[in-house]
Structures are given as C-alpha cells and as structure tokens.
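Please look at the sequence and the fold below before reading on. The paragraphs that follow lead from a pair of helices to the sheet and then to its turns.

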Amino acid sequence: MVTIRDAVSDDRAAVAAMLGRAFANDPAMSYIFPDPLTRAERLPRLFALLFDSDAVGMRLVSAAAEAGTFWRPPGEAEVPMTAMLRQAIPLLATLGTALPRALRLAHAIEAHFPSEPFWYLHIAGVDPARQGQGLGGASIRAGLARCDADGVPAYLETATGSNVALYGRLGFELIREWSVPKGGPRFWSMIRPVGG
C-alpha cells in the first residue's frame, strides 16, 4: 500500500531534487532550459521555489518523497504579484537568460485556465527510478479526494502527450490542445469533474 502525506518544510530539498529528475526530459522544461546540463543544474532550484510558492495549496508526497504533487487552490492558480516579488531575486538567479521563455510559457498556461473555480494540479512527478509502481497515481488520487470533498473540479495541463491517457484513467477529460507562441511546446488541458 502506498502512503501519501502532506509535505513538510524538511521535504523541500528531497522533493525538489526528485522533481528535477522527473522533469529532466519534459518538453516544457526543455523549452525553458534547452541545454541539458543547465536544465539538470537549475530544475531542482526551480522546483524548490515552486515548493515554496505552492504552500498555499496542497503539497502531497509519498512516504520517502519519491513522488509528489503540488496543487493550487481555487482562485489561486495564478501566482500573485506579491508572491512573485518575494521570490524575484532567487527566481532571476535560477532562470537567468531563460526568463523570457519561462514568462512566455507561464502566460500561455494562464491564458488557458478555465473560467469556473478549480483545484489546479500544478506539478505531478515521480522519481524515474520509481515510475510504474503506482506512486504518482496514488499521489494524484489523494489530491482528487480533497477536490471532491471541496466539491470543486480539478484541472491540469501537460506538455507530454503520453500523459493524456494516464490522466484519463484518473478521470480527467481532454478539453483543449494548444501551443505556446513562438515555437513553444504543445500542451493538453484536462479537467476532472467532481466525483469523476
């Protein structure tokens, strides 16, 4: 049986490192950091910042943090300007010259958010060494149970086409396909109705 728990501040480094490995070949992260060596170095730093900013919602991890999901609550899918300003210096240090691509990607993602309230599955990842063992699905289902308890649908987007079927098995329905302007990656937006 897989145990899923709320992440605590002591999990930050391990979760950030795990997500860095999980997203090493992700199309969106490859767009932000085209160079693989730069990507490997900077992704853990980026995910550590996202760990902090997503504390406003749910941060769920498996027992030893081999899998995790970050969820932003209804009405807070977009990071407020005040939160961005608090992280401005570490964010600039992490992104460097990748900042314009990261901003283009973020704006495109936000432009496709649904208009109705939703829990936003912002990040979902599993350590490559532990994929295929049910950890990711368990982490997502734990978040979906809380979405259902709130009576609010769940929304996500993925830049990995093979994930569409995986999320479909968890009750998500494809609502649109789109691409980031100026040669950015293709995305699939999906929503899961309450109780789906």
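**Helices, sheet and turns**

Helix 3 and helix 5 are roughly antiparallel to each other, a term that applies to angles over 145 degrees, whereas angles under 35 degrees count as roughly parallel, 65 to 115 as roughly perpendicular and the rest as oblique. Helices in this numbering (H or I, at least four residues) and strands (E, at least two) are DSSP runs, counted from the N terminus. The model is a predicted one, in which local features need pLDDT of at least 70 and side-chain atom pairs count only at pLDDT 80 or more, while totals for chains, interfaces and linings use all residues. Residues are numbered from 1 along each chain as its sequence is written, and side-chain values use heavy atoms, with hydrogens and water left out.

The axes of helix 3 and helix 5 (residues 88-95) come within 9 Å and cross at roughly 160°; axes here are lines fitted to C-alpha atoms, for helices over the stretch in contact, and angles run from 0 to 180 degrees between N-to-C directions. This crossing of helix 3 and helix 5 is left-handed, meaning that the near helix is turned anticlockwise from the far one by less than a right angle, with clockwise giving a right-handed crossing. The contact (heavy atoms within 4.5 Å) is made by Arg42, Arg45, Leu46 and Leu49 of helix 3 and by Pro90, Leu91, Ala93, Thr94 and Leu95 of helix 5.

Helix 3 also meets helix 1 (residues 12-22), and their axes come within 8 Å and cross at roughly 125°. Helix 1 and helix 3 are therefore oblique to each other, and their crossing is right-handed. The residues in contact are Arg12, Val15, Ala16, Ala17, Leu19 and Gly20 from helix 1, and Leu43, Pro44, Phe47, Ala48, Leu49, Phe51 and Asp52 from helix 3.

From these helices the path leads to the sheet. Helix 3 (residues 36-53) lies across strand 2 (58-62), strand 3 (67-72) and strand 4, running at about 50° to strand 3. The sheet is open and has 7 strands in the order 1-2-3-4-5-7-6, with mixed pairing, where two strands pair if DSSP finds at least two bridges between them. Strand 1 (4-6) and strand 6 (173-179) stand at the edges with a single partner strand each, so one side of each has no neighbour in the sheet. From one strand to the next, the twist averages 25°.

Starting from the edge formed by strand 1, 3 bridges join strand 1 to strand 2 in an antiparallel arrangement, and Ile4 has Ser62 in strand 2 as its bridge partner. Strand 2 and strand 3 also run antiparallel and are joined by 4 bridges, with Met58 partnered by Trp71 in strand 3. Because 5 of the 5 residues of strand 2 are buried, this strand is largely enclosed by the rest of the structure; buried means under 20% relative accessible area, exposed over 50% and partly exposed in between (1.4 Å probe, protein chains only). Met58, Leu60 and Ser62 point one way from strand 2, while Arg59 and Val61 point the other way, and all are buried.

Further along, strand 4 (residues 119-126) and strand 5 (residues 154-158) pair in the parallel sense over 2 bridges, and Tyr120 stands opposite Tyr155 in strand 5. Strand 5 pairs with strand 7 in the antiparallel sense over 5 bridges, and there Thr158 stands opposite Trp188 in strand 7. Of the 7 residues of strand 7 (residues 186-192), 6 are buried, so strand 7 is largely enclosed by the rest of the structure. Strand 6 is joined to strand 7 by 6 bridges and runs antiparallel to it, with Arg176 opposite Ser189 in strand 7.

Two hairpins deserve a closer look. Strand 2 and strand 3 form a hairpin with 4 residues between them, and Ala65, in the loop between these strands, has a positive phi of about 60° although it is not a glycine. Strand 6 and strand 7 form a hairpin with 6 residues between them, and Lys182 in that turn has a positive phi of about 60°. Most residues other than glycine have a negative phi. Ala65 counts as buried at 5% relative accessibility, whereas Lys182 is exposed, with a relative accessible area of 72%.
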